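Me: I'm new to reading protein models and would like a close look at one part: the place where the two chains meet. Could you walk me through it, with some background on the chains as you go?

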Amino acid sequence: MAAAAGSGTPREEEGPSGEAAAPQPQAPTSVPGARLSRLPLARVKALVKADPDVTLAGQEAIFILARAAELFVETIAKDAYCCAQQGKRKTLQRRDLDNAIEAVDEFAFLEDLSIPFPDITVS
Amino acid sequence: MAERPEDLNLPNAVITRIIKEALPDGVNISKEARSAISRAASVFVLYATSCANNFAMKGKRKTLNASDVLSAMEEMEFQRFVTPLKEALEAYRREQKGKKEASEQKKKDKDKKTDAEEQDKSRDEDNEEDEERLEEEEQNEEEEVDN
C-alpha cells in the first residue's frame, strides 16, 4: 500500500514550472528546504536545447542544472558582495561582479560578460 | 515558438529573489548587476550543458543524465556544488516516485472500477447463454421422447 510520503501537497501532474512568459516566482512550500527548484525548468530546458550538440536531456539533468544555476547565483552574489563590502557600500554594483569574476578562478568562463548575450542561433 | 536570445534569460524576479536571500538584509543590488548575474547564470547553464554533453558522448549516450551534469560540475571546478546537488537530486527522485505511485494508484482504482463493471456485464451475458442452452436441451429431450 503506497502511502503518499511525498513532501507538500500533491498538486498537478507536472513538476514545478513557471512556463508562462511572465516570470512567476515560486511560492515556497510548507516544508522548509523542500523547495526543489525555483527556476522554471522549461526555461532551463530551452537553454539546454539551444546547444546544437545536445540531442536529448533527461528530466533529472534539467532539474540538476536548474538547481546548479541557483547555487551559482548565490555563490557569485556572495562573492561580489565581498567586494562591495570592502568599498563599504550596501548596493551591489556591476563592477563588484566584474571584480569577483576576475578574482575567482571558477568564474573564468564568464570573463566576457561585457559582450551582450552570446549569439545563439536556435534553429 | 520563436526563441530569441533574450528569451533564454532566466526570470528576473526569481534571480532577484535568490540574490536577496543569499545576501544579508539591507543589501541592495543595482539593476545592471542583477542583469549581469542573470546573464551569467544563463552562460553557466550553457557551459555546464556543453560539459555534461561531453560526458554523455564519452559514455556513448544521446541523453544527458544527472551524473553527466554532476561530472560537469567537477570538471568546471564547482565541486562544492556536488554534494548539495546530490541531495537535491535524491529529494527530487523521491518526489517523482511519490507522484508516480499516486497516479498509478489512481489508475489502478480506475481500472478496478471498470473491471468490476465489465464483470457484471459478462456475467449477465453468460447467464443468458446458459438459459438458451437449457432451453435447447429441453427441446431435444422432448423430441427424443416423441420418437
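Reply: Happy to! Let's start with a word you will need: a residue counts as buried when its relative accessible area is under 20%, as exposed when it is over 50%, and as partly exposed in between. Please keep in mind that this is a predicted model.

With that word in hand, look at chain A. It has 123 residues, and 41% of them count as buried. Its secondary structure consists of three helices and two strands, and along the sequence these follow the pattern α-β-α-β-α. Take the contacts in chain A between residues at least 6 apart in sequence: 38% of them join residues at least 24 apart.

Now to the part you asked about. Where chain A meets chain B, 63 residues of chain A are in contact with 65 residues of chain B. Between them the two chains bury about 6200 Å², and 73% of that area is on carbon and sulfur atoms. There are also polar links to find here: ten residue pairs are in polar contact between chain A and chain B, counting pairs with both residues at pLDDT 80 or more. Which elements of chain A supply the touching side? Those that give two or more residues are helix H1 (41–49), strand E1 (56–57), helix H2 (59–86), strand E2 (91–92) and helix H3 (94–103). H2(A) gives the most, with 19 residues. Sorted by type, the residues on this side of chain A divide into 40 nonpolar, nine polar and 14 charged.

The charged residues bring us to salt bridges. A search of the whole structure finds nine of them over all chains, and three cross the interface of chain A and chain B. One to find on your screen pairs Glu60(A) with Arg93(B), whose closest N and O atoms are 2.7 Å apart. Why does this pair join two chains? Glu60(A) lies in helix H2 of chain A, while Arg93(B) lies in helix H4 (residues 79–146) of chain B, so the bridge links one chain to the other. Glu60(A) is partly exposed, with a relative accessible area of 26%; Arg93(B) is also partly exposed, at 40%.

It helps to set that pair beside salt bridges formed inside a single chain. In chain A, the side chains of Asp96(A) and Arg89(A) meet at 2.8 Å, N to O. Is Asp96(A) buried or exposed? Its relative accessibility is 1%, so Asp96(A) counts as buried, whereas its partner Arg89(A) is partly exposed at 21%.

In chain B, Glu95(B) and Lys99(B) form a salt bridge at 3.6 Å, N to O. These two residues are four apart in helix H4 of chain B, so about one helical turn separates them. Glu95(B) counts as buried, with 18% relative accessibility, and Lys99(B) as partly exposed, with 24%. The cut-off of 20% explains the two labels, because 18% is under it and 24% is not.

One last kind of link to check is the disulfide. Over all chains, a search of the whole structure finds zero disulfides. You can still look at cysteines in both chains: Cys82(A) is partly exposed, with a relative accessible area of 43%, while Cys51(B) counts as buried at 10%.

Methods
Residues are numbered from 1 along each chain as its sequence is written. Chains are lettered from A and ligands numbered from 1 in the order in which they are written. This is a predicted model: local features need pLDDT of at least 70, side-chain atom pairs count only at pLDDT 80 or more; totals for chains, interfaces and linings use all residues. Side-chain values use heavy atoms; hydrogens and water are left out. A disulfide is a pair of cysteine sulfur atoms within 2.5 Å. Buried means under 20% relative accessible area, exposed over 50%, partly exposed in between (1.4 Å probe, protein chains only). Contact means heavy atoms within 4.5 Å. Buried area is the accessible area (1.4 Å probe) that two parts lose on being put together, summed over both. A salt bridge is a side-chain nitrogen of Lys or Arg within 4 Å of a carboxyl oxygen of Asp or Glu. A polar contact is a pair of N or O atoms within 3.5 Å; within protein, one must be able to donate a hydrogen and the other to accept it, and residues adjacent in sequence count only if both atoms are side-chain atoms. Ala, Val, Leu, Ile, Met, Phe, Trp, Tyr, Cys and Pro count as nonpolar, Asp, Glu, Lys and Arg as charged, and the others, Gly among them, as polar.
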